[in-house]
Amino acid sequence: MRSLVRTQLRLATWLCLVLAAVVFGLPLLFALVPEARSQEVLGLPLPWVLLGGLIYPWFVGCGWWYVRQAERNEDDFADLVDRAEKRP
């Protein structure tokens, strides 16, 4: 059971680090590269488009990916336990 918990914790930590890098990296990018702040997409400033619109579908996609990976980890663990129980 510890291996499953460790694997799930590693997955969650990795995803949180990626999300934090994006969430904190975009404002940092806009602060360090003033030209990026002045860019427009469909008449809206680029920071608004990225931070106010596109980031949410990306979060949903990351959540979907996380659930799939977590379920895969649980299935792998269940298979491992089943094989261990079947051994004489």
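Select D76 to begin; this residue lies in helix 3. The model on screen is a predicted one. D76 is partly exposed, with a relative accessible area of 42%. Now add L4 to the selection. The two residues are 72 positions apart along the chain, yet their C-alpha atoms are separated by 9.0 Å.

**Stop two: N73**

Stay in helix 3, which spans residues 46-86, and pick N73. Is N73 buried or exposed? N73 has a relative accessible area of 9%, and the cut-off for buried is under 20%, so N73 counts as buried. Which residues does N73 touch, leaving aside those up to four places away in sequence? Show L4, T7, Q8 and L11. Then draw a C-alpha to C-alpha distance from N73 to V5. The viewer should give 9.6 Å, for a pair 68 residues apart in sequence.

**Stop three: the whole chain**

Zoom out and colour by secondary structure. The protein chain has three helices and two strands. Starting at the N terminus, the order is α-α-β-β-α. Helix 1 covers 2-32, and helix 2 covers residues 34-38. Strand 1 is 40-41 and strand 2 is 44-45. Helix 3 takes residues 46-86.

Turn the model along its principal axes. The C-alpha atoms fill a box of roughly 70 × 25 × 10 Å. How does the radius of gyration compare with that of a compact globule of 88 residues? The protein chain has 20 Å, whereas such a globule would have a value near 12 Å.

Next, colour by accessibility. Of the 88 residues, 17% count as buried. The accessible surface comes to about 6,900 Å². Carbon and sulfur atoms hold 67% of that surface.

Contacts come next. Take those with a sequence separation of 6 or more: 70% of them join residues 24 or more positions apart. The pairs N73 with L4 and N73 with T7 are among the contacts already visited.

**Stop four: a nonpolar patch**

Switch on the surface and select V23, F24, Y56, W58 and F59. Together these residues make a nonpolar surface patch of about 500 Å². Which elements give two or more residues to the nonpolar patch? They are helix 1 and helix 3. Helix 3 gives the most, with three residues.

Pick F24 out of the patch. F24 is found in helix 1. Its relative accessible area is 63%, and the cut-off for exposed is over 50%, so F24 counts as exposed.

**Stop five: two cysteines**

Hide the surface and show C16 and C62. How many disulfides does the structure hold? The count is zero. For C16, the nearest cysteine sulfur is that of C62, 10 Å away. C62 likewise is in no disulfide, and the nearest cysteine sulfur to C62 is that of C16. A disulfide needs the two sulfur atoms within 2.5 Å, so C16 and C62 are not paired. Check the cover on C62 while there: C62 is buried, with a relative accessible area of 12%.

**Stop six: L42**

Move to the loop between strand 1 and strand 2, and select L42. Look at the backbone torsions. L42 has a positive phi of about 55 degrees, although it is not a glycine. Most residues other than glycine have a negative phi. L42 also counts as exposed, at 85% relative accessibility.

**Last stop: P34**

Select P34, which has its place in helix 2. Is P34 buried, partly exposed or exposed? P34 is partly exposed, with a relative accessible area of 41%. Now add L80 and draw the C-alpha distance. P34 and L80 are 46 residues apart along the chain, and their C-alpha atoms are separated by 53 Å.

Go back to the opening pair to set the two distances side by side. D76 and L4 are 72 residues apart along the chain, with 9.0 Å between their C-alpha atoms.

Notes: Residues are numbered from 1 along each chain as its sequence is written. This is a predicted model: local features need pLDDT of at least 70, side-chain atom pairs count only at pLDDT 80 or more; totals for chains, interfaces and linings use all residues. Side-chain values use heavy atoms; hydrogens and water are left out. Helices (H or I, at least four residues) and strands (E, at least two) are DSSP runs, numbered from the N terminus. Buried means under 20% relative accessible area, exposed over 50%, partly exposed in between (1.4 Å probe, protein chains only). Contact means heavy atoms within 4.5 Å. Patches are made of residues with over 30% relative accessible area and no salt bridge: like charges are joined within 9 Å, nonpolar side chains (Val, Leu, Ile, Met, Phe, Trp, Tyr) within 5 Å. Accessible areas come from the Shrake-Rupley method with a 1.4 Å probe; for residues, only the protein chains shown count as cover. A salt bridge is a side-chain nitrogen of Lys or Arg within 4 Å of a carboxyl oxygen of Asp or Glu. The radius of gyration is taken over C-alpha atoms; the globule rule is 2.2 Å times the number of residues to the power 0.38.
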